[in-house]
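The following report walks through one molecular model for a reader who works with coordinates. The sequence and structure come first, and the description follows from there.

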Amino acid sequence: MIELRDVVYCRLGTTDLAGAEWYAVNILGLEVAERRKGAVYFKSDARAHTLCYFEGDPTDQMTAFEIGTAQDLHTAGATLEALGHDVYYGTRAECEARMVREFIRFRDPTGNVIEFVLRPETTGLDYHGSRNAGITGFSHVGLCSSDLARDEHFWTSVCNARVSDRIGDAPLMRLGTIHHSIALFPFHRAGIQHINHQVGSTDDIQRSFHFVRENQVNITFGPGAHPTSSAEFLYFTGPEGMTFEYSTGVREIHDEPAWRDRQFHFEPKGFCHWGSAPQIAAFKK
Ligand SMILES: CC(C)c1ccc(C(=O)O)c(O)c1O
Ligand SMILES: [Fe+2]
């Protein structure tokens with residue numbers, strides 16, 4: 001079993017790096033951690049970075065998860081190879097570009113590009129966004145899935161994810177105590193479906209609702225409240241069509257052996273109990 005600790009960063013290709021930086025700082029509310037040739041790194045919490053935009057093809061999207069030890073990373077590589085995945089071992093320069101000690105890259109069964117990383121850098125310092133979005137940190141990622149049962153099996157049997165709840169057949173899966181770090185959603189292509197940042201309070205959700213609307217940003221869902229994680233949320237569109245989510249009040253699961261995954265409807269009431277309906281392709285039947 002591959003033991004993943006947490007989701008640690010996303011890397012997104014863009015044809016307009018300056019535009020993506022403008023959006024990440026002025027709309028999303030992240031802090032520029034570092035600019036390097038062809039890439040900008042953003043902080044959303046104490047970690048050195050949790051998002052990187054790089055010059056490239058917008059379909060080049062990667063999600064990274066932390067593994068505890070070098071031995072575990074190498075064992076994970078061997079496990080994945082034995083299952084038929086092509087596993088790439090990152091070079092020193094590529095590790096440097098990700099601010100990690102080592103990493104491996106492979107595609108999950110849908111084709112999502114996944115990196116397992118060792119010792120991602122932290123700063124131990126809070127982040128300071130210039131726009132006060134109230135962000136408390138990068139929290140989860142939604143991944144597209146062309147076969148939900150197969151992909152749930154990969155994340156829960158090959159890796160250590162546990163299903164907290166399902167919406168239809170779409171699992172919300174935890175790695176630690178947070179209700180979910182990975183959500184799978186049915187879609188015909190591979191890629192990151194949404195990137196979630198937690199914010200401090202309902203006030204932050206409401207303030208951002210007005211802020212993003214006044215800045216002509218497309219709101220795709222919310223404000224609303226998820227019956228699954230209990231979080232209040234807002235979804236809106238970012239560069240290259242990426243969906244970003246703010247949410248607050250996500251459930252934590254501390255009674256690990258006692259928790260039973262629950263079944264919710266794959267229709268608006270399963271996504272929101274305030275009555276908001278998603279305008280997002282992957283969340284529609
Ligand atoms: C993708 C959907 C709409 C979704 C559903 C539920 C939760 C949650 O319980 O927090 C999410 O974070 C979602 O993104
Ligand atoms: Fe989400």
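In this predicted model, the protein is divided into domain 1, covering residues 4-118, and domain 2, covering residues 135-283. The C-alpha centres of the two domains lie 20 Å apart, and the contact between domain 1 and domain 2 takes 42 residues from the former and 39 residues from the latter.

**The nonpolar cores**

The largest nonpolar core has 71 residues, and those with the most contacts inside it are Phe65, Phe116 and Trp155. Helix 1 gives the most to this core, with seven residues, and the core draws at least three residues from each of domain 1 and domain 2. Not counting residues up to four places away in sequence, Phe65 touches a list of residues that includes Leu4, Val8, Ile114, Phe116, Val141, Trp155, Leu175 and Ile182. A second, separate core of eight residues includes Ala39, Tyr41, Phe54 and Met99. As general background, nonpolar side chains tend to be buried together in soluble globular proteins.

**The eight-stranded sheet and strand 3**

An open sheet of eight strands has the order 2-3-4-1-5-8-7-6, with mixed pairing. Its edge strands are strand 2 and strand 6 (88-89), each of which pairs on one side only.

Strand 2 (residues 31-36) runs antiparallel to strand 3 and is joined to it by five bridges, with Glu31 standing opposite Lys43 in strand 3. These two strands form a hairpin with two residues between them, and in the turn Gly38 has a positive phi of about 75°. On the pairing with strand 4 (residues 51-55), strand 3 is again antiparallel, and four bridges join the two; here Ala39 stands opposite Phe54 in strand 4.

Why is strand 3 (residues 39-43) described as largely enclosed by the rest of the structure? Five of the five residues of strand 3 are buried, so the strand is largely enclosed. In a regular strand the side chains alternate between the two faces of the sheet. Both faces of strand 3 are covered, with Ala39, Tyr41 and Lys43 buried on one side and Val40 and Phe42 buried on the other. Helix 1 (residues 17-28) lies across strand 1 (4-14), strand 2, strand 3 and strand 4, and runs at about 10° to strand 3.

**The iron site**

The iron ion (ligand 2) has as its protein donors His140 (NE2), His194 (NE2) and Glu245 (OE), which lie 2.0 to 2.2 Å from it. Along the chain, these donors follow the spacing H-x53-H-x50-E. The pair formed by His194 in strand 13 (residues 192-199) and Glu245 in strand 16 (residues 243-248) links distant parts of the chain, being 51 residues apart. His194 counts as buried because its relative accessibility is 2%, under the 20% cut-off, and Glu245 is buried as well, with a relative accessible area of 1%.

**Gly68**

Gly68 lies in the loop between strand 5 (61-67) and helix 2 (70-82), and at 21% relative accessibility this glycine counts as partly exposed. Leaving aside residues up to four places away in sequence, Gly68 touches Glu3, Arg5 and Leu118. The C-alpha atoms of Gly68 and His194, which are 126 residues apart along the chain, are separated by 26 Å.

**Backbone features**

Most residues other than glycine have a negative phi, and most peptide bonds are trans. Against that background, two residues with positive phi are set out below.

| Residue | Phi | Location | Relative accessibility |
|---|---|---|---|
| Met99 | about 60° | loop between helix 3 (92-98) and strand 7 (102-107) | 6%, buried |
| Gln216 | near 55° | loop between helix 5 (202-214) and strand 14 | 68%, exposed |

Met99, which is not a glycine and has a positive phi, is also among the residues of the second core. The peptide bond from Gly222 to Pro223 is cis, with omega near 0°, and Pro223 has its place in strand 14 (residues 219-225).

Terms used
Residues numbered from 1 in each chain as written. Chains lettered and ligands numbered in written order. Predicted model: local features only at pLDDT ≥ 70, side-chain atom pairs only at ≥ 80, totals over all residues. Heavy atoms only, no water. Donors = N, O, S within 2.8 Å, 3.2 Å for Na, K, Ca; no water. Buried < 20%, exposed > 50% of the residue type's maximum accessible area, 1.4 Å probe, protein only. Pairing = 2+ DSSP bridges. Contact = heavy atoms within 4.5 Å. Axes fitted to C-alpha atoms, helices over the stretch in contact; angles between N-to-C directions. Core = buried A, V, L, I, M, F, W, Y, C linked by side-chain atoms within 4.5 Å. Domains from an automatic or database assignment.
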